[in-house]
Amino acid sequence: MKQKTLFVSTRKGLFAVERESSGWRVASHHFHGEPVTQFLGDPRDGAQGAWYAALRMGHFGVKLRKSTDRGATWNEIASPALPEKPKTGIWADDTTPWSVDMVWAFALAGSQAGELWAGTMPAAMFRSIDGGASWQLCESLWLNEKRLGWFGGGNDHPGLHSIVVDPRDPKHVTIAISCGGVWTTHDDGANWSLIGAGMHAPFMPEPEQFNPNTQDAHSLSLCAVAPDTMWVQHHQGCYRSTDSGENFKRLNAPTPADFGFPIIADPNNPQRAWVVPARADKYRYATDGAMHVARTDDGGNTWQVFRNGLPQTHAYDLVYRHGLAITNDGKTLAMGSTTGGLWISEDAGESWSAVDARLPPVAAVCFA
Amino acid sequence: MPHIQVDFAAHLQRHVPCPKQTVSATNLRDALDAALLAAPALRHYVFDEQHHIRKHVAVFINQTLVRDRIQLNVTLNEGDSIHVIQALSGG
């Protein structure tokens, strides 16, 4: 199914943006006023596909909505929920709340319509096999004692933000947690292993700096045609793996800032990826207030920086980890920022056009 | 058993309708549980997974805000009214 719509999840609703002859325009707005943290389209589900939106209601918690008629109507479905916290044993003193605060990641699971993954804050992984009518917690991850070593990065608690599914074997799934490293399952979530050797957190105390269990991978992306190739934008630096995330190698810095949140793999070229550099750590906006995107075409040895069409003066936008997306053909990218900027590139990131809108802060962009 | 009036704010009913009702209960948790039988889908808007009142939901008994979100064992008296509203939060 051709990906013809861009979905923009924002602080005040979900926007569908479509290509018209004159350019990209906002076509519809859903959930007016409600914070939307993530969107997923499942083209396998029904004649028109299914859309899923994760709401983070300020007062009433996480709610999921599903549409099977391309947004004409939405129905509430089950939300991932954590079990009752034990009153005895090691988990009784767990300082992480046993309550889902946000759905931070979605992915299509398995090969059948309605098979889904959801990642949450606090960091937990959930599976649905019935199109979100129910969700099952991956208990072996939630009850892994290594979880007690995780902590929040810029948030109060650790969060699971990245889920990549191996197109050769959908039972093989890899996730990233801030700050809880990179984990993988080869049996559809029954068992999980901590991987991600080679990442380095110089901000941690000395003995912990190379501990895979506390690395702050800001985002993780997989190359669809060469799924052993994975990219990480880390809190400090960019990394690439060619063995399905078991080991990562630090890449040359895209810019001197060497910080940012999103990284996107080219689905069709394992040598190519994009990042949105930002100035660390207390600033967290584009260096000198000038927006730019960096792309490598050689596996992270060298990077080109592109600015054409992006604001170059007094731009204090930050692009969150889900704020950069790409179409399956690897040609069209979208980028949304914390100050509501939305830009689209139809030439692999080399030039950008702003969508004519002053949007709420953008949490995530996604083509479907 | 005391008769207690329970109503949920319009902002909640925008998502799940639940008319004002009278239930029989001796404490706050029992009264809320009884009222939510009329609209089970509303339960997870009011309570989190640990059965605590969500932090941005406010519960009043008559004109008094209930500070406790966990025990909910306040004793109720005949004719008390419970109001469940959204607490204020930022833009």
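Select Ser9(A) and Ala364(A) to begin: Ser9(A) stands opposite Ala364(A), which belongs to strand β28(A). Keep in mind throughout that this is a predicted model.

**Stop 1: around β1 of chain A**

Now widen the selection to residues 5-10 and 362-367 of chain A. These are β1(A) and β28(A), which run antiparallel and are joined by five bridges. Ser9(A) has a partner in another strand too: Leu14(A), in β2(A), stands opposite Ser9(A). Add residues 13-20 of chain A to show β2(A), whose antiparallel pairing with β1(A) extends over six bridges. How many residues does the hairpin use to join β1(A) to β2(A)? Two residues make that link. Before leaving, colour β1(A) by burial: five of its six residues are buried, so to speak of the strand as mostly covered is fair.

**Stop 2: an open sheet in chain A**

Next, select strands β24, β25, β26 and β27 of chain A. They form an open sheet in that order, with antiparallel pairing. Which strands lie at the edges? They are β24 (324-326) and β27 (353-354) of chain A, each pairing on one side only. Then pick out β25(A) at residues 333-336 and β26(A) at residues 342-345; four bridges hold this antiparallel pair. For one of those bridges, show Gly336(A) with its partner Leu342(A) in β26(A).

**Stop 3: the nonpolar cores**

Stay in chain A and select Met335(A). Its contacts, leaving aside neighbours within four places in sequence, are Val276(A), Val293(A), Val319(A), Gly323(A), Leu324(A), Trp343(A) and Val365(A). Met335(A) is also one of the residues with the most contacts inside the largest nonpolar core, which has 99 residues. To mark the others in that group, add Val8(A), Val232(A), Leu324(A) and Val365(A). In soluble globular proteins, nonpolar side chains tend to be buried together. Another core, of 23 residues, lies apart from the largest one; Leu12(B), Val23(B), Val59(B) and Leu76(B) are among its members.

**Stop 4: where the chains touch**

Show both chains and highlight the contacts between them: 10 residues of chain A are in contact with 11 residues of chain B. On the chain A side, the residues divide by class into four nonpolar, four polar and two charged.

**Stop 5: chain B as a whole**

Hide chain A and draw chain B as a cartoon. You should find three helices and five strands, and following the sequence gives the pattern β-α-β-α-α-β-β-β. The C-alpha trace spans about 40 × 25 × 25 Å along its principal axes. Chain B has a radius of gyration of 12 Å, which agrees with the value near 12 Å for a compact globule of 91 residues. Of those 91 residues, 27% are buried. Among contacts in chain B with a separation of 6 or more, 56% come from residues 24 or more positions apart.

**Stop 6: helix α2 of chain B**

Finish by selecting residues 28-36 of chain B, which make up helix α2(B). Which of its residues are buried? Leu28(B), Ala31(B), Leu32(B), Ala35(B) and Leu36(B) are. Turn the view to look down the axis of α2(B): the buried residues fall within an arc of 125°, so they line one face of the helix. An α-helix has 3.6 residues a turn, so residues three or four places apart point the same way. To see what the buried residues of α2(B) pack against, add β1 (3-8), β2 (21-24), α3 (43-46), β3 (57-61) and β5 (81-86) of chain B.

Key:
Residues are numbered from 1 along each chain as its sequence is written. Chains are lettered from A and ligands numbered from 1 in the order in which they are written. This is a predicted model: local features need pLDDT of at least 70, side-chain atom pairs count only at pLDDT 80 or more; totals for chains, interfaces and linings use all residues. A residue is buried if 20 or more other C-beta atoms lie within 10 Å of its own, exposed if 12 or fewer, and partly exposed in between; C-beta atoms are placed from the backbone. Two strands pair if DSSP finds at least two bridges between them. Two residues are in contact if their C-beta atoms, placed from the backbone, lie within 7 Å. Ala, Val, Leu, Ile, Met, Phe, Trp, Tyr, Cys and Pro count as nonpolar, Asp, Glu, Lys and Arg as charged, and the others, Gly among them, as polar. A nonpolar core is a set of buried Ala, Val, Leu, Ile, Met, Phe, Trp, Tyr and Cys residues joined through C-beta atoms within 7 Å. The arc is that of the directions from the helix axis to the C-beta atoms. The radius of gyration is taken over C-alpha atoms; the globule rule is 2.2 Å times the number of residues to the power 0.38.
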